[in-house]
Amino acid sequence: MSGGRDPRPEAHVLEFEFPSDVRFIERVVEAVRAECKVMRYAERHITLNVPVALTEALANAILCGNGDDPEKSVRVRAHVGSTRLVIEVTDEGLGFDLAACAVDPTTPDRLEHEDGRGLFLMQKLMDHVERVEAQRGNVVRMTLHRA
Amino acid sequence: MSFTITKQGDVSIVEIDGQLIVGNRQELKQKMLEELEGGARKLLVDFSKTGYIDSSGLGVLVSLSKRIREQGGELRLAALNDDLRTLFELTKLDTLFQIAETRALALASF
């Protein structure tokens, strides 16, 4: 896994690229969390919003976007700014329609389903989740305003 | 991250130390199913040492809950911190599980 850090004090930028393997998730999440801590984000953001939403985005990229194929890579760019956090997760998949995938897993008929809560949690825990058009790959961008 | 299973009377207590996420959920599922297959019918998951849970972790708990119920067993969850409680509330899984403030209260609820 490769990573780098922009030394500008007003905004730290972390970038990672790693093979599609869920074992990389915690390392990336911990690095972004640590940077949020340096930038004095709210404790709740550090312990709940960021780790859960980022874990979901990375799992989606690895398992859905890249089909769990270790030959394919996931790229992450986290801009940890003084007013907001912007995380972009890029996979090598064809992309998906966010609106079409946004089911409500809390309805009585879906409550006991094992799957289907990932995107829902991302949207609940981040201020904005969007799919961004890119020349190569599929990009999901999440924005969280600093409390 | 680790999962520890201990016995207190006829209750199997599962402690999750660290995160419960996509990378380790199958390990938890396997350990709890082994308990169930070994005859355990009262299972308690203690979250007092748990960091965060993702949707995969929640999904495994839902799946285990169904399986335990089908086998005539009972599942209790205990000692969720505020973040974990928020996750259960956002997903309305707090309506599906019996959640106790402490391990002692969960044990007493069987």
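This note concerns the fold of chain B, helix H4 of chain A and the contact between the two chains.

1. The model is predicted: local features need pLDDT of at least 70, side-chain atom pairs count only at pLDDT 80 or more, and totals for chains, interfaces and linings use all residues. Residues are numbered from 1 along each chain as its sequence is written, and chains are lettered from A and ligands numbered from 1 in the order in which they are written.

2. Chain B has four helices and six strands, where helices (H or I, at least four residues) and strands (E, at least two) are DSSP runs numbered from the N terminus. Their order along the sequence is β-β-α-β-β-α-β-α-β-α.

3. Of the 110 residues in chain B, 43% are buried, a term that requires 20 or more other C-beta atoms, placed from the backbone, within 10 Å of the residue's own.

4. Helix H4 of chain A spans residues 118-125, and six of its eight residues are buried. These are Gly118(A), Leu119(A), Phe120(A), Leu121(A), Met122(A) and Leu125(A). Within chain A, they pack against helices H2 (43-65) and H3 (98-101) and strands S5 (128-132) and S6 (138-145); in chain B, their partners are helices H2 (55-70) and H3 (82-90).

5. The contact between the chains takes 21 residues from chain A and 20 residues from chain B, with two residues in contact if their C-beta atoms, placed from the backbone, lie within 7 Å. On the side of chain B, H2 and H3 are the elements that give two or more residues, and H2(B) gives the most, with seven.

Key. A residue is buried if 20 or more other C-beta atoms lie within 10 Å of its own, exposed if 12 or fewer, and partly exposed in between; C-beta atoms are placed from the backbone.
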